[in-house]
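The following paragraphs lead through a protein model, moving from its strands to the contacts between its side chains. Please keep the sequence and the structure in view while reading.

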Amino acid sequence: MKYLFPILFFCCASSLFGQHKAVSFDYEKAAFNNNQPLPAETHILLQGKAPQDVNYVEIAVYNDKGSEKRLPLYVAAWKRPFDKLTTEFNLPINYKLRGSTEYDFKISFFRPINAAEQQALKTQLYQHLDAYLEQTFGLSKSSIQLNRSNHQVMTDLNKIVKTGLKHYRSAANIQFDGFSDIIKQTLRQIEKAKLSKGKFLFLGKSKDEARIEYRKKLIADLKTLIHGELDQILNTNLAKLSDSRYINDYETEKTDRQLSIQLGYGGTYVEGDFSNLSIGSSAFIGLAFPLGKRAFAPRILSNTAITVGAYVNNFRDLGQNGNDLSGPIFKRPVYLGLSHKLYQFIYLNAGATFLEEANTAGQISGLGSRVYVRPNFGISVQINLTAKLER
């Protein structure tokens, strides 16, 4: 029994990271796997050194165009386990990189902040928010006026907080997503408030003094609500950015493009009705181009392909002489359509066949031949080829 727990732990770890390719990060060289291209079309397990004063490591993945100010494609983080003094981090990246592509990466290291730093952060954010509110509310004879729209005020308040917390992370994974609708409703209530009510709340004050005191009270109550919502994040275990490395234009490994040869047998409706139906059938050969890669596209797209090719034999119509039906290319019926995987390499085909009918009368009248389209169906096998993409 004493070996049961280690075995279970190993099995769980294997199932968690078994589908991830390990990639080492060299902090000093700012490179992965000794400057080797990153694995593509698979999940990655990033491994590197984490100093003991670092309890949070974050990686952000960007495309290779633009500046660091743009939004990342993906963000993942590692948190130091409780009571662990390890100097290494293992960070799963559940985002599949495209092959033959360049990405930018930012690896950031965060350390815990102490009580004094936490209080200083609170004070700074409160001062910025309070100063903004004081500038936003104006005073008229009978009401409080906002210098900006409610929507703009909410946007500005959220921006102040997000900017102030830009270099901080919560170990509890609590993020600031914006102030609640309660703040928005309070703004509306303040805007609709009648300052004349101040004379009932502040007895003994002159009319003007009561109006000013009532304005202060309304704004103070709003500040209290804002501080309270912000405290839900500021009172958690916060970590502050201590170091980071930015890696530009790092390549991923070159990947193969799927191209398949298609071999099958199918039929094409030629003419007639149920009582006198003509269907041409023959083996066909062509090419298939998948609509998406399995690593990125939904299953229905990765299992479906655009197909193009030609039938091996020509067809015949129901005419008295059984006119030969060929095609506009190769003098064989040409098809264009879709194929969908039924089982492993077996595919169902459907689409359109382009037929060309030689007009014997045209030899005299000069009408030439007639090209038309008919529906087709069939079944095929597809054999994948691989062609290395050249950058």
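Two strands pair if DSSP finds at least two bridges between them; helices (H or I, at least four residues) and strands (E, at least two) are DSSP runs, numbered from the N terminus. The model is predicted, so that local features need pLDDT of at least 70 and side-chain atom pairs count only at pLDDT 80 or more, while totals for chains, interfaces and linings use all residues. Residues are numbered from 1 along each chain as its sequence is written, and side-chain values use heavy atoms, with hydrogens and water left out.

A convenient place to begin is strand β7, which spans residues 102-112. Strand β4 (residues 56-63) is joined to β7 by eight bridges, and the two run antiparallel. Ten bridges join β7 to strand β11 (residues 238-251), again in an antiparallel arrangement. Lys106 can serve as a reference point: in β7 it stands opposite Ala60, and it also stands opposite Tyr246 in β11. How is β7 placed relative to the rest of the structure? Eight of its eleven residues are buried, so the strand is largely enclosed by the rest of the structure. Here buried means under 20% relative accessible area, exposed over 50%, and partly exposed in between (1.4 Å probe, protein chains only).

Aromatic side chains also link these strands. Rings of Phe, Tyr and Trp (its six-membered ring) pair if their centres lie within 6.5 Å; planes under 30 degrees apart count as stacked, over 60 as edge-to-face and the rest as tilted. The structure holds 15 aromatic pairs. One of them is the edge-to-face pair of Tyr56 and Phe110, with 5.6 Å centre to centre and 90° between the planes. Because Tyr56 lies in strand β4 and Phe110 in strand β7, this pair ties together parts that are 54 residues apart in sequence. Tyr56 and Phe110 are both buried. Tyr62 and Tyr246 form a tilted pair, at 6.1 Å centre to centre and 45° between the planes. This pair links distant parts of the chain, with Tyr62 in strand β4 and Tyr246 in strand β11, 184 residues apart. Tyr62 is buried, with a relative accessible area of 6%, whereas Tyr246 is partly exposed at 25%. Ring pairs further link Phe25, Phe32, Tyr103, Phe105 and Tyr250 into a cluster.

An aromatic ring can also face a charge. A charge sits over a ring if NZ of Lys or CZ of Arg is within 6 Å of the ring centre and within 35 degrees of the ring normal. The charged end of Arg245 sits over the ring of Tyr27 in this way, 4.9 Å from its centre.

Side chains of opposite charge can pair when their charged atoms come close. A salt bridge is a side-chain nitrogen of Lys or Arg within 4 Å of a carboxyl oxygen of Asp or Glu, and by this rule the count comes to eight. Among them, Glu134 and Lys223 meet with 2.8 Å from N to O. This pair links distant parts of the chain, Glu134 lying in helix α2 (residues 115-136) and Lys223 in helix α6 (residues 207-234), 89 residues apart. Glu134 is partly exposed, with a relative accessible area of 37%, but Lys223 counts as buried at 16%. Glu117 forms a salt bridge with Arg111, the closest N and O atoms being 2.9 Å apart. Glu117 is partly exposed at 26% relative accessible area, and Arg111 counts as partly exposed at 25%. Asp156 and Arg148 meet in a further salt bridge, at 3.8 Å from N to O. Asp156 counts as buried at 16% relative accessibility, while Arg148 counts as partly exposed at 36%.
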